[in-house]
Amino acid sequence: MEGFGVHTSMWTMNWDRAGAEKAIAAAVKYEMDFIEIALLNAPAVDAAHTRTLLEKHKLRAVCSLGLPENAWASVRPDAAIEHLKVAIDKTAEMGAEALSGVIFGGIGERTGVPPTQGEYDNIARALQAAAKHAQSKGIELGVEAVNRYENHLINTARQAVDMIERVGADNVFVHLDTYHMNIEEKGAANGILDARDHLKYIHLSESDRGTPGYGNVPWNEVYAALAAISFKGGLAMESFINMPPQVAYGLAVWRPVAKDEAEVMGNGLPFLRNKARQYGLI
């Protein structure tokens, strides 16, 4: 998971054969090192087709997801384990390197009260089982800290570290996101420093999820902190242009966050790449 990549929501959130062909061709055009594939419906993905495309273009991949309500780990750990096993198997079949995201719960999961010990116990049990299965398939798992409006369980880098250390598996890492960090951390650098021993992946996303460099994320602070910890993981640009209604609802995105792909890829991508070069990260 090294280099510079992009979340394929830039082109599609439906990973069927047409979506895969469109997104992979575009990623190659922009000379990405890897792509992040959203597994909204893992069983329906044609893994062999995706693997062939990735190998043809020498493009690496990471997969991501949020758990559906019937498999939220905090209340249904056994269902979460089964859901994650299916996604892990599909990730491995595609030739991807990791499954990351809100693998501990749902995007939009909130109880209205603070997390309970019982919820964390269930999550830890589910992730321990998932990590064991992933290890047998050569897959790493990422725990993404997301903001309080999307999930009430793991909002900060420190909380992600605490869960990972409780799970105790070598193949589980912290996944951060500058959009969420801009809401939850007491300074972006502090979140990166908190996660430094486990951080392998970061979403580079603007404060409005639109075009990077046109919001209020403190990009110099983010990149300086990554350089300070000698970060060698994946840098993934994330901007939501194409979203089905159920995903937009969970993310609370009610209006266009950028004009189009050309605006994000033509302005945001060069901005982020130049910053990465400036700080010696690529």
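In this predicted model, start with helices α8 and α10. Helix α10 covers residues 261–278, and its axis comes within 10 Å of the axis of α8. The two axes cross at roughly 40°. An angle of that kind is neither under 35 degrees nor in the range 65 to 115, so it counts as oblique. Therefore α8 and α10 are oblique to each other. The crossing of α8 past α10 is right-handed. Which residues make the contact? From α8 come Trp219, Asn220 and Tyr223. From α10 come Phe271, Leu272, Lys275, Ala276 and Gln278. Sorted by class, this contact of α8 with α10 holds five nonpolar residues, two polar ones and one charged one.

Now follow the chain onward from α8. A loop joins α8 (219–228) to strand β8 (234–237), and serine 230 sits in that loop. Look at its backbone. Serine 230 is not a glycine, but its phi is positive, near 55°. Set that beside the general pattern: most residues other than glycine have a negative phi. Is serine 230 buried or exposed? The answer falls in the middle. Its relative accessibility is 47%, so serine 230 counts as partly exposed.

A second positive phi turns up in another loop. Glutamate 31 lies between α1 and β2, a strand spanning residues 34–38. Its phi is about 60°, and glutamate 31 is not a glycine either. What about its surface? The relative accessible area of glutamate 31 is 63%. Exposed means over 50%, so that value qualifies. Glutamate 31 is therefore exposed.

Helix α1 leads to the next helix pair. Its partner is α2, residues 47–57. The two axes come within 10 Å and cross at roughly 15°. This angle makes α1 roughly parallel to α2, because angles under 35 degrees count that way. Here too the crossing is right-handed. On the α1 side, the contact uses Arg17, Ala20, Glu21, Ile24 and Val28. On the α2 side, it uses His49, Thr50, Leu53, Leu54 and His57. The residues of this contact between α1 and α2 split into five nonpolar, three polar and two charged.

Step back to the loop ahead of α1. It runs between β1 (3–7) and α1 (17–29), and it holds asparagine 14. With a relative accessible area of 47%, asparagine 14 is partly exposed. How far apart are asparagine 14 and glycine 233? Along the sequence, 219 residues separate them. In space, their C-alpha atoms are 26 Å apart.

The third helix pair is α4 and α5. Helix α4 takes in residues 117–137. Its axis lies 9 Å from that of α5, and the packing angle is about 55°. That angle falls between the roughly parallel and roughly perpendicular ranges, so α4 and α5 are oblique to each other. Their crossing is right-handed. In α4, the residues that meet α5 are Gln117, Tyr120, Asp121, Ile123, Ala124, Leu127 and Gln128. In α5, their counterparts are Gln159, Met163, Arg166 and Val167. By class, the contact of α4 with α5 has six nonpolar, three polar and two charged residues.

Zoom in on valine 167, a residue of α5. Its relative accessible area is 9%, so valine 167 is buried. What does valine 167 touch beyond its neighbours within four places in sequence? Its contacts are Ala124, Leu127, Gln128 and Val172. Take Gln128 as an example. Valine 167 and glutamine 128 are 39 residues apart in sequence, yet their C-alpha atoms are 5.4 Å apart.

Elsewhere in α5 (residues 157–167) is aspartate 162. Unlike a buried residue, aspartate 162 is partly exposed, at a relative accessible area of 42%. Its C-alpha atom is 9.7 Å from that of alanine 195, a residue 33 places away along the chain.

Finish just before α5. Asparagine 155 belongs to the loop between β5 (140–144) and α5. Buried means under 20%, and asparagine 155 has a relative accessible area of 13%, so asparagine 155 is buried. Where does its side chain reach? The partner is the backbone oxygen of valine 146, at 2.9 Å. Leaving out residues up to four places away in sequence, asparagine 155 touches Ala145, Val146, Asn147, Arg148 and Glu184.

Notes. Residues numbered from 1 in each chain as written. Predicted model: local features only at pLDDT ≥ 70, side-chain atom pairs only at ≥ 80, totals over all residues. Heavy atoms only, no water. Helix = DSSP H or I, 4+ residues; strand = E, 2+ residues; numbered from the N terminus. Buried < 20%, exposed > 50% of the residue type's maximum accessible area, 1.4 Å probe, protein only. Polar contact = N/O pair within 3.5 Å; in protein donor to acceptor, adjacent residues only side chain to side chain. Contact = heavy atoms within 4.5 Å. Axes fitted to C-alpha atoms, helices over the stretch in contact; angles between N-to-C directions. Parallel < 35°, antiparallel > 145°, perpendicular 65-115°, else oblique. Left-handed = near helix turned anticlockwise from the far one by under 90°. Nonpolar A, V, L, I, M, F, W, Y, C, P; charged D, E, K, R; others polar.
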